[in-house]
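This report describes aromatic side chains and surface exposure in one protein model. Please look at the structure before reading on.

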Amino acid sequence: SNDLVLYPILIGGIFALATTPCSTPILAGIMGFASLSANIVLAGLMLFLFALGQGLVIIIAGVFTSMLKQLRSISRVSVVLMKLSGLLLVAVSIYLYWKIFSPFI
């Protein structure tokens, strides 16, 4: 029964350490914009939507991962899907880098 509490806390802590460098600059920008806003409802809504976006991605990934693991036919192509996902991630990263920094070249 202790594992039911310990494992989610441990995994959440590890995930927080891994994602903090990526999400902190965005959160700081949202907080800065929210602090300059005279509308407290808009500021709260922006922070809530950011939190919702952060959590929703993880929930959707968890739901689909558990569904895909139950399908035996997926296990044969999972290696290919992982490699294609990695290539897609690298391609999108290069595209975004080029889009952002091409005006400075």
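Y97 has a relative accessibility of 55%, so it counts as exposed, the cut-off being over 50%. The model discussed here is a predicted one. F101 has a relative accessible area of 38% and is therefore partly exposed. Y95, at 46% relative accessibility, is also classed as partly exposed.

**Aromatic pairs**

How many aromatic pairs are counted? The count comes to three. Two of them are listed in the table, with the distance between ring centres and the angle between ring planes.

| Pair | Centre to centre | Angle between planes | Class |
|---|---|---|---|
| Y95 and W98 | 6.4 Å | 40° | tilted |
| Y97 and F101 | 4.8 Å | 50° | tilted |

Why are the partners about one helical turn apart? Y95 and W98 are three residues apart in helix α3, which spans residues 72-101, so about one helical turn separates them. Y97 and F101 are four residues apart in helix α3, and the separation is again about one helical turn. Ring pairs also join Y97 and F101 with F104 in a cluster.

**A nonpolar surface patch**

Elsewhere, a nonpolar patch of about 1,000 Å² lies on the surface. Among the residues that make it are L42, L45, F48, L49, I59, I60, F64 and M67. One of these residues, I60, belongs to helix α2, which covers residues 40-70. The relative accessible area of I60 is 41%, so this residue is partly exposed. Residues in such a patch need over 30% relative accessible area, and I60 has 41%.

Notes:
Residues numbered from 1 in each chain as written. Predicted model: local features only at pLDDT ≥ 70, side-chain atom pairs only at ≥ 80, totals over all residues. Heavy atoms only, no water. Patch = residues over 30% accessible without salt bridge, like charges linked within 9 Å, V, L, I, M, F, W, Y side chains within 5 Å. Areas by Shrake-Rupley, 256 points an atom, 1.4 Å probe, with all protein chains shown as cover. Salt bridge = Lys/Arg side-chain N within 4 Å of Asp/Glu carboxyl O. Helix = DSSP H or I, 4+ residues; strand = E, 2+ residues; numbered from the N terminus. Buried < 20%, exposed > 50% of the residue type's maximum accessible area, 1.4 Å probe, protein only. Phe/Tyr/Trp six-rings, centres within 6.5 Å; stacked < 30°, edge-to-face > 60°.
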